[in-house]
Amino acid sequence: PEILKIFQEHATIRRILLEAGPRMCKAWEELPQITIAAIEGFCIGGAVSLSLACDFRIMAKNAHIRISEIDLGMNFSWGSIARLVSLVGPARSKIWVITADKVGCPEAMESGFAQWSCPPGLAGQKAHGLAERIKDKPQMPVSMTKQTVNALTGYTSYIGHMDMDQFALTALSEDSREGIMAFLEKRRPFFNKDLPDD
């Protein structure tokens with residue numbers, strides 16, 4: 001694809017593109033208002049990153065998340081690993097990111113990723129109801145509470161330079177090209193096992 005060629009050949013454009021996702025998630029995270037992700041159906045890759053940047057997540061009972069970046073030969077970026085570890089812990093974060101398995105609503109609820117579940121088709125309605133409840137609270141202490149909790153969890157101070165560099169490195173790899181082509185061609189990828197066996 002043409003965008004991949006531009007990404008590979010132009011370092012300045014590559015850097016600008018790589019900054020967009022982390023900046024977007026950080027902007028959502030730093031909003032003074034409470035943010036709520038309503039998840040219906042599937043939530044994959046970048047959509048998981050965006051939902052992690054929100055304060056709360058509501059999932060339909062038939063919804064699932066999947067962190068598929070490694071299967072595309074890339075790292076899970078946008079500062080998302082720090083946010084994920086803060087919610088579900090280190091071991092579960094490794095499992096979800098490395099295996100790229102689907103995580104259904106029950107496990108997402110049990111892990112702390114999602115805070116509420118609902119019947120299919122009602123996540124938006126449930127999110128709206130929660131937003132209405134929060135709107136009726138005094139907004140200054142709500143905002144202060146959000147800011148304090150985020151500061152205490154530590155992930156707001158996470159510096160994403162390493163995250164961006166890792167993405168740049170993996171996105172230029174043969175594994176990434178193979179992963180993306182396999183995805184587009186709907187086939188299993190054949191990754192280069194370039195590390196020595198011993």
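**Surface patch, aromatic pairs and an open sheet**

Met-24, Trp-28 and Leu-31 together make up a nonpolar patch on the surface, with a combined accessible area of about 240 Å². The structure described here is a predicted model. Within the patch, Trp-28 belongs to helix 2, which covers residues 11-30. A relative accessible area of 34% makes Trp-28 partly exposed.

Other aromatic residues come together in pairs. A pair of aromatic rings is described by the distance of the centres and the angle of the planes. The model holds 2 aromatic pairs. One of them joins Phe-56 and Trp-116, whose ring centres are 5.5 Å apart. The planes of these two rings meet at 75°, so the arrangement is edge-to-face, given that angles over 60 degrees count as such. Phe-56 is found in strand 3 (residues 56-60) and Trp-116 in strand 6 (residues 116-118). The pair therefore ties together parts of the chain that lie 60 residues apart in sequence. As for accessibility, Phe-56 is partly exposed at 25%, and Trp-116 is partly exposed at 28%.

Next come Trp-96 and Phe-113, with ring centres 6.2 Å apart. Their planes stand at 75°, so this pair is edge-to-face. Trp-96 sits in helix 5 (residues 90-99), while Phe-113 sits in the loop between helix 6 (105-111) and strand 6. The two residues are 17 apart, and their pair links distant parts of the chain. Are these rings buried or exposed? Trp-96 is buried, with a relative accessible area of 3%, and Phe-113 is buried with a value of 0%; the cut-off for buried is under 20%. Phe-113 has a further contact partner to look for in the model: Arg-57 lies over the face of its ring, at 5.5 Å from the ring centre.

The strands offer another feature to follow. Strands of a sheet pair through backbone hydrogen bonds, either parallel or antiparallel. Here, an open sheet of 3 strands runs in the order 2-4-5, and its pairing is mixed. At the edges stand strand 2 (42-44) and strand 5 (103-104). Each of these edge strands has a single partner strand, so one side of each is left without a neighbour in the sheet. Strand 2 pairs with strand 4 (residues 64-66) in the parallel sense, over 3 bridges. To find this part of the sheet in the model, a reader can start from Ile-44, which stands opposite Arg-66 in strand 4.

Notes. Residues are numbered from 1 along each chain as its sequence is written. This is a predicted model: local features need pLDDT of at least 70, side-chain atom pairs count only at pLDDT 80 or more; totals for chains, interfaces and linings use all residues. Side-chain values use heavy atoms; hydrogens and water are left out. Rings of Phe, Tyr and Trp (its six-membered ring) pair if their centres lie within 6.5 Å; planes under 30 degrees apart count as stacked, over 60 as edge-to-face and the rest as tilted. Helices (H or I, at least four residues) and strands (E, at least two) are DSSP runs, numbered from the N terminus. Buried means under 20% relative accessible area, exposed over 50%, partly exposed in between (1.4 Å probe, protein chains only). A charge sits over a ring if NZ of Lys or CZ of Arg is within 6 Å of the ring centre and within 35 degrees of the ring normal. Two strands pair if DSSP finds at least two bridges between them. Patches are made of residues with over 30% relative accessible area and no salt bridge: like charges are joined within 9 Å, nonpolar side chains (Val, Leu, Ile, Met, Phe, Trp, Tyr) within 5 Å. Accessible areas come from the Shrake-Rupley method with a 1.4 Å probe; for residues, only the protein chains shown count as cover. A salt bridge is a side-chain nitrogen of Lys or Arg within 4 Å of a carboxyl oxygen of Asp or Glu.
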